[in-house]
Amino acid sequence: MKFIDLFAGLGGFHQALSKLGHECVFASEKKEHLAQLYEINYGIKPNRNIRDITPEFIPDHDILCAGFPCQPFSKAGNMQGLEDIRNGSFFDILVEIIMHKRPRYFILENVRNIESHDDFKTWKYISEKLAELGYHIKKSVLSPHHFDIPQHRERLFIIGSLEQLDHFDWPQKMRLTHSVRDFLYPRDIKKVEPSRLEVISLWQEFLDIFPSEVKIPGFPIWSMEFGANYPTDIPISELSNEELEKYRGSFGIPLKGMSYIEKLANLPSYAVKNKKRKAYPEWKVRWILDNRNLYKNYKNDLQPLIPKLKSLPVKSWQKFEWNCGDSVRDIKQYILQFRASGLRVKKADFFPSLVTVSTQVPIIGWEDRYITPYEAMKIQSFDEIILPEGNGSCFSALGNAVNVQLVFMIAQNLLTQPDVGQYGAKVNLYAC
């Protein structure tokens with residue numbers, strides 16, 4: 001069959017459908033460097049702006065594939081959903097193409113949060129629009145780690161068919177037998193910068209403070225709360241300069257005697273930005289108080305770390321997430337990420353989701369290096385292709401890509417018709 005590949009990126013849909021014997025007849029990709037690579041890798045020159053092409057000029061096709069922009073629905077994005085001026089209208093463009101071209105099937109992919117976004121109103125809109133076009137649809141949240149690929153990357157997949165979907169089953173989940181180490185190809189490696197190694201070493205000092213019989217805190221560590229006592233039941237913006245005089249800010253620094261601007265500069269950013277709410281959300285208050293109590297219980301042990309933590313040049317480095325439970329307390333045995341939420345330490349059972357932010361590339365702790373673009377390509381199940389130059393562009397593209405193996409399994413089941421062969425097996429009538 002013929003398929004089109006919209007918001008094509010590195011061509012994850014292209015690889016998956018081509019492996020099943022189907023032919024790509026049209027692609028669209030806005031970013032110039034990715035469009036150029038798509039042409040090099042697959043021999044098709046993508047359309048550069050799907051907004052500027054009318055459906056009549058898109059070739060007839062049997063399958064529409066699209067990982068439409070996720071920023072409006074991602075927790076890492078602006079969360080404006082379908083109201084997002086820049087990207088929110090792309091779903092309606094898909095609807096228009098489907099309405100005019102009537103492909104037999106479609107496969108859509110997006111972040112899992114799109115399902116619950118805006119109190120499920122976004123999903124209601126999407127599902128109703130597709131149903132109005134006469135399509136039977138199914139959805140499921142799937143991740144590569146469900147299918148023996150050690151990467152945690154939950155995404156919502158939506159499939160549609162003009163015919164009933166009684167024949168379709170989502171791929172059967174399997175036990176994870178491959179390890180992270182099976183996906184390591186240490187070539188052209190990039191070592192972790194000395195400044196970040198110092199951060200890792202500092203948080204190792206933090207872990208070493210706790211006796212073996214004491215559990216490492218499971219809540220996020222916000223070291224700026226060590227010694228702080230500013231109020232959490234009222235926004236900082238409602239306190240006058242005089243009222244702030246009696247409190248201590250980040251790392252317990254007394255605010256007395258400072259100008260109002262200096263006071264704000266010595267409070268955590270999330271405290272200063274809390275203007276719209278009359279109080280912090282419960283989860284944030286809980287984490288703030290947990291950190292303050294932690295400091296109170298281990299003040300003498302933590303005090304020597306305060307100057308080091310306070311002097312870290314990046315605010316997010318002052319935060320720490322231990323996701324390893326009662327496992328060995330050696331940070332370098334795990335997979336690490338420098339995130340906006342802090343240094344995250346996770347067990348080495350699977351890779352964290354690749355994201356578009358190049359500063360959050362996973363780190364192989366036991367080798368003091370970042371994963372390589374080649375490793376990231378394999379984690380996303382791509383056959384070898386030419387990747388973008390530069391780690392930033394490369395990991396951004398891979399973080400946006402669909403996982404090829406997941407799409408392959410979904411498409412294989414979707415395009416297998418209910419006709420039964422002589423041995424009782426379903427037959428893929430449409431593979432070339």
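In the predicted model, I364 lies opposite R369 of strand β12. This pair belongs to the contact between strand β11 (residues 363-364) and β12, which are joined in the antiparallel sense over 2 bridges. Both strands are part of an open sheet of 6 strands, arranged in the order β7-β8-β10-β9-β11-β12 with mixed pairing. Strands β7 (221-222) and β12 (369-370) occupy the edges of this sheet; each has a single partner strand, so one side of each is left without a neighbour in the sheet. Helix α5 (residues 194-209) packs on this sheet and touches β7, β8 (319-323), β9 (335-339), β10 (342-346) and β12. The direction of helix α5 makes an angle of about 65° with that of β8.

Another open sheet is also built from 6 strands with mixed pairing, here in the order β2-β1-β3-β4-β6-β5. Its edge strands are β2 (23-28) and β5 (136-142), each of which pairs on one side only. From one strand to the next, the twist averages 15°. At the β5 edge, strand β5 runs antiparallel to strand β6 (residues 155-161), and 7 bridges join the two. Within this pairing, S140 stands opposite F157 of β6.

Two helices are described against this sheet. Helix α1 (residues 12-19) packs on the sheet, with contacts to β1 (2-6), β2, β3 (63-66) and β4 (105-111). The direction of helix α1 makes about 165° with that of β1. Helix α4 (residues 121-132) lies across β4, β5 and β6, and runs at about 145° to β5.

Terms used:
Residues numbered from 1 in each chain as written. Predicted model: local features only at pLDDT ≥ 70, side-chain atom pairs only at ≥ 80, totals over all residues. Heavy atoms only, no water. Pairing = 2+ DSSP bridges. Helix = DSSP H or I, 4+ residues; strand = E, 2+ residues; numbered from the N terminus. Contact = heavy atoms within 4.5 Å. Axes fitted to C-alpha atoms, helices over the stretch in contact; angles between N-to-C directions.
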